[in-house]
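Open the model in your viewer and keep the selection box at hand. The stops below go from the whole chain down to single side chains.

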Amino acid sequence: MKTKYEAYAIGTEVFAIAEHYNDNKPTPYVAIFKAKIKTVYIERDEKTGDIQIDYWLNTPDGEEWGTEVSENKVSTNINDLVERMKPIWEAASNSHE
């Protein structure tokens, strides 16, 4: 069986979302950083056939990012990441009212 997918190539310059955690719990606070793709991990769920792509990243000056980042938190377009984060930011803002 062949499965089609798209992933960024190693060395591609991207933007990535870094989440902030407090006491090992996610918070609505994030930062978007420039990065380069270091390694691509592609897994396929044998039951569902779904493809999961994770990336290991380097900073633009070559330092290791520190952990894998899922494909929905990586893009070559910073505006795409901002749009993905808007619902999370809005929900967090509303929780303080």
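**The whole chain**

Start with a cartoon of the chain, which has one helix and five strands. Colour from the N terminus and follow the elements in the order β-β-β-β-β-α. This is a predicted model, so local features are taken up here where pLDDT is at least 70. Along the principal axes, the C-alpha atoms fill a box of roughly 50 × 40 × 30 Å. Of the chain's 97 residues, 20% count as buried. Among contacts with a separation of 6 or more, 42% are between residues 24 or more positions apart.

**First stop: Y8 and Y55**

Now display the aromatic side chains. How many aromatic pairs does a search of the whole structure find? The search gives two aromatic pairs. Select Y8 and Y55 for one of them: the ring centres are 5.9 Å apart and the planes stand at 45°, so the pair is tilted. Y8 belongs to the segment before β1 and Y55 to strand β3 (residues 51-58), so this pair ties together parts that are 47 residues apart in sequence. Switch on the surface to compare the partners. Y8 is partly exposed, at a relative accessible area of 26%, whereas Y55 is buried, at 2%.

**Second stop: F33 and W65**

Move to the rings of F33 and W65. Their centres are 5.9 Å apart and their planes are at 80°, so the pair is edge-to-face. F33 sits in strand β2 (residues 25-44) and W65 in the loop between β3 and β4 (69-70), so parts 32 residues apart in sequence are tied together here. F33 is partly exposed, with 43% relative accessible area. W65 is also partly exposed, with 21% relative accessibility; the cut-off for buried is under 20%, so W65 falls in the partly exposed class.

Stay on W65 and show what surrounds it. Not counting residues up to four places away in sequence, W65 touches A16, I17, A18, F33, K34, A35, L57 and N58. For a sense of distance, draw a line from the C-alpha of W65 to that of Y21: the two residues are 16 Å apart in space and 44 residues apart in sequence.

**Third stop: the largest pocket**

W65 is also one of the residues that line the largest pocket. Select the full lining: I17, A18, E19, Y21, W65, T67, E68, V69 and K73. The pocket holds about 180 Å³ of space. Which element supplies the largest share of the lining? Strand β1 (residues 13-22) does, with four residues. Colour the lining by residue class and you should see five nonpolar, one polar and three charged residues.

**Fourth stop: E19**

From the lining, pick E19, which is placed in strand β1. E19 is partly exposed, at 34% relative accessibility. Show its side chain together with those of Y21 and K73. The side chains of E19 and K73 make a polar contact of 2.7 Å, and a polar contact of 3.5 Å joins the side chains of E19 and Y21. Leaving aside neighbours within four places in sequence, E19 is in contact with Y29, V30 and K73. Now measure across to the aromatic residue of the second stop: E19 and W65 are 12 Å apart from C-alpha to C-alpha, and 46 residues apart in sequence.

**Fifth stop: S75**

Next, select S75 in strand β5 (residues 74-75). Is S75 buried or exposed? S75 counts as buried, at 2% relative accessibility. Its side chain makes a polar contact of 3.4 Å with the side chain of D80. Beyond residues up to four places away in sequence, S75 touches Y8, V14, F15, D80, L81 and R84. Y8 in that list is the partly exposed tyrosine of the tilted pair with Y55.

**Last stop: A9**

Finish at A9, in the segment before β1. A9 is partly exposed, with a relative accessible area of 48%. Draw a line from the C-alpha of A9 to that of K38: the two atoms are separated by 8.7 Å, while the residues are 29 apart along the chain.

Definitions and conventions
Residues are numbered from 1 along each chain as its sequence is written. Side-chain values use heavy atoms; hydrogens and water are left out. Helices (H or I, at least four residues) and strands (E, at least two) are DSSP runs, numbered from the N terminus. Buried means under 20% relative accessible area, exposed over 50%, partly exposed in between (1.4 Å probe, protein chains only). A polar contact is a pair of N or O atoms within 3.5 Å; within protein, one must be able to donate a hydrogen and the other to accept it, and residues adjacent in sequence count only if both atoms are side-chain atoms. Contact means heavy atoms within 4.5 Å. On a 1 Å grid over the protein atoms alone, a cavity is a set of points where a 1.4 Å probe fits but cannot get out, and a pocket is an open set with protein on both sides within 12 Å along at least five of seven lines; lining residues have an atom within 4 Å of a point. Grid points are joined across faces, edges and corners, and a volume is the space filled by probe spheres set on the points. Ala, Val, Leu, Ile, Met, Phe, Trp, Tyr, Cys and Pro count as nonpolar, Asp, Glu, Lys and Arg as charged, and the others, Gly among them, as polar. Rings of Phe, Tyr and Trp (its six-membered ring) pair if their centres lie within 6.5 Å; planes under 30 degrees apart count as stacked, over 60 as edge-to-face and the rest as tilted.
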